[in-house]
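Colleague: Hey, got a minute? I'm new to this one and could use a quick tour.
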Amino acid sequence: MECRRTIGHIVLPVFYNVDPSEVRHQAGEFGKAFQSLLSRVSVKEDASLKWRHALGEASGLAGLVVLNSR
(Lines give C-alpha, C1' and ligand atoms only; values in the text may rest on other atoms or scores of the structure.)
Protein backbone atom coordinates (compact mmCIF):
# COMPACT_ATOMS: atom_id res chain seq x y z
CA MET A 1 0.00 0.00 0.00
CA GLU A 2 2.96 2.28 0.61
CA CYS A 3 4.10 1.80 -3.02
CA ARG A 4 0.57 2.63 -4.16
CA ARG A 5 0.69 5.92 -2.26
CA THR A 6 4.26 6.90 -3.09
CA ILE A 7 4.89 5.73 -6.65
CA GLY A 8 1.43 4.86 -7.94
CA HIS A 9 1.59 1.07 -8.15
CA ILE A 10 -1.68 -0.64 -8.94
CA VAL A 11 -3.17 -2.74 -6.15
CA LEU A 12 -5.77 -5.38 -6.88
CA PRO A 13 -6.95 -6.97 -3.64
CA VAL A 14 -8.25 -10.53 -3.82
CA PHE A 15 -10.48 -11.59 -0.94
CA TYR A 16 -10.55 -15.37 -1.00
CA ASN A 17 -13.20 -16.84 1.31
CA VAL A 18 -13.31 -13.68 3.40
CA ASP A 19 -15.65 -10.71 3.26
CA PRO A 20 -13.85 -7.39 2.64
CA SER A 21 -15.70 -5.79 5.58
CA GLU A 22 -14.14 -8.39 7.93
CA VAL A 23 -10.72 -7.38 6.65
CA ARG A 24 -11.56 -3.67 6.89
CA HIS A 25 -12.60 -3.95 10.53
CA GLN A 26 -10.40 -6.94 11.45
CA ALA A 27 -13.54 -8.70 12.66
CA GLY A 28 -14.99 -12.20 12.55
CA GLU A 29 -12.80 -15.18 11.73
CA PHE A 30 -10.33 -12.94 9.93
CA GLY A 31 -9.97 -10.74 13.01
CA LYS A 32 -9.31 -13.77 15.22
CA ALA A 33 -6.69 -15.12 12.82
CA PHE A 34 -5.05 -11.71 12.45
CA GLN A 35 -4.85 -11.24 16.22
CA SER A 36 -3.39 -14.74 16.56
CA LEU A 37 -0.75 -13.87 13.97
CA LEU A 38 0.17 -10.68 15.79
CA SER A 39 0.64 -12.53 19.07
CA ARG A 40 2.72 -15.30 17.45
CA VAL A 41 5.17 -13.04 15.61
CA SER A 42 5.44 -10.50 18.45
CA VAL A 43 5.17 -7.42 16.25
CA LYS A 44 5.83 -3.98 17.68
CA GLU A 45 2.81 -1.77 18.30
CA ASP A 46 3.63 0.68 15.49
CA ALA A 47 4.05 -2.14 12.95
CA SER A 48 0.75 -3.63 14.05
CA LEU A 49 -0.98 -0.29 13.51
CA LYS A 50 0.61 0.02 10.04
CA TRP A 51 -0.64 -3.45 9.12
CA ARG A 52 -4.14 -2.66 10.38
CA HIS A 53 -4.19 0.59 8.43
CA ALA A 54 -2.93 -1.09 5.24
CA LEU A 55 -5.57 -3.82 5.52
CA GLY A 56 -8.27 -1.22 6.00
CA GLU A 57 -7.02 0.75 3.03
CA ALA A 58 -6.75 -2.33 0.78
CA SER A 59 -10.22 -3.54 1.73
CA GLY A 60 -11.66 -0.24 0.58
CA LEU A 61 -10.33 -0.70 -2.96
CA ALA A 62 -12.27 -2.32 -5.76
CA GLY A 63 -11.04 -5.86 -6.08
CA LEU A 64 -12.05 -9.44 -6.56
CA VAL A 65 -14.17 -11.24 -3.96
CA VAL A 66 -14.23 -15.03 -4.15
CA LEU A 67 -16.61 -16.66 -1.66
CA ASN A 68 -17.51 -20.34 -1.33
CA SER A 69 -15.36 -21.34 -4.27
CA ARG A 70 -14.25 -24.87 -5.12
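Modeller: Sure. Let's start with Q26, which counts as buried because its relative accessibility is 16% and the cut-off is under 20%. Keep in mind that this is a predicted model.

Colleague: Okay, where does Q26 lie?

Modeller: Q26 is in the loop that links α2 (20-25) and α3 (28-41).

Colleague: And which residues does Q26 touch?

Modeller: Leaving aside residues up to four places away in sequence, Q26 touches G31, F34, R52, L55 and G56.

Colleague: What does the side chain of Q26 reach at R52?

Modeller: The backbone oxygen of R52, at 3.5 Å.

Colleague: What about the backbone, what's phi of Q26?

Modeller: Near 45 degrees, so a positive value in a residue that isn't glycine. Most residues other than glycine have a negative phi.

Colleague: Switching topic: what is phi of S42?

Modeller: S42 has a positive phi too, near 45 degrees, and S42 is not a glycine either.

Colleague: Where's S42 placed?

Modeller: In the loop between α3 and α4 (45-59).

Colleague: Is S42 buried or exposed?

Modeller: Exposed, because the relative accessibility of S42 is 62% and the cut-off for exposed is over 50%.

How values were computed
Residues numbered from 1 in each chain as written. Predicted model: local features only at pLDDT ≥ 70, side-chain atom pairs only at ≥ 80, totals over all residues. Heavy atoms only, no water. Helix = DSSP H or I, 4+ residues; strand = E, 2+ residues; numbered from the N terminus. Buried < 20%, exposed > 50% of the residue type's maximum accessible area, 1.4 Å probe, protein only. Polar contact = N/O pair within 3.5 Å; in protein donor to acceptor, adjacent residues only side chain to side chain. Contact = heavy atoms within 4.5 Å.
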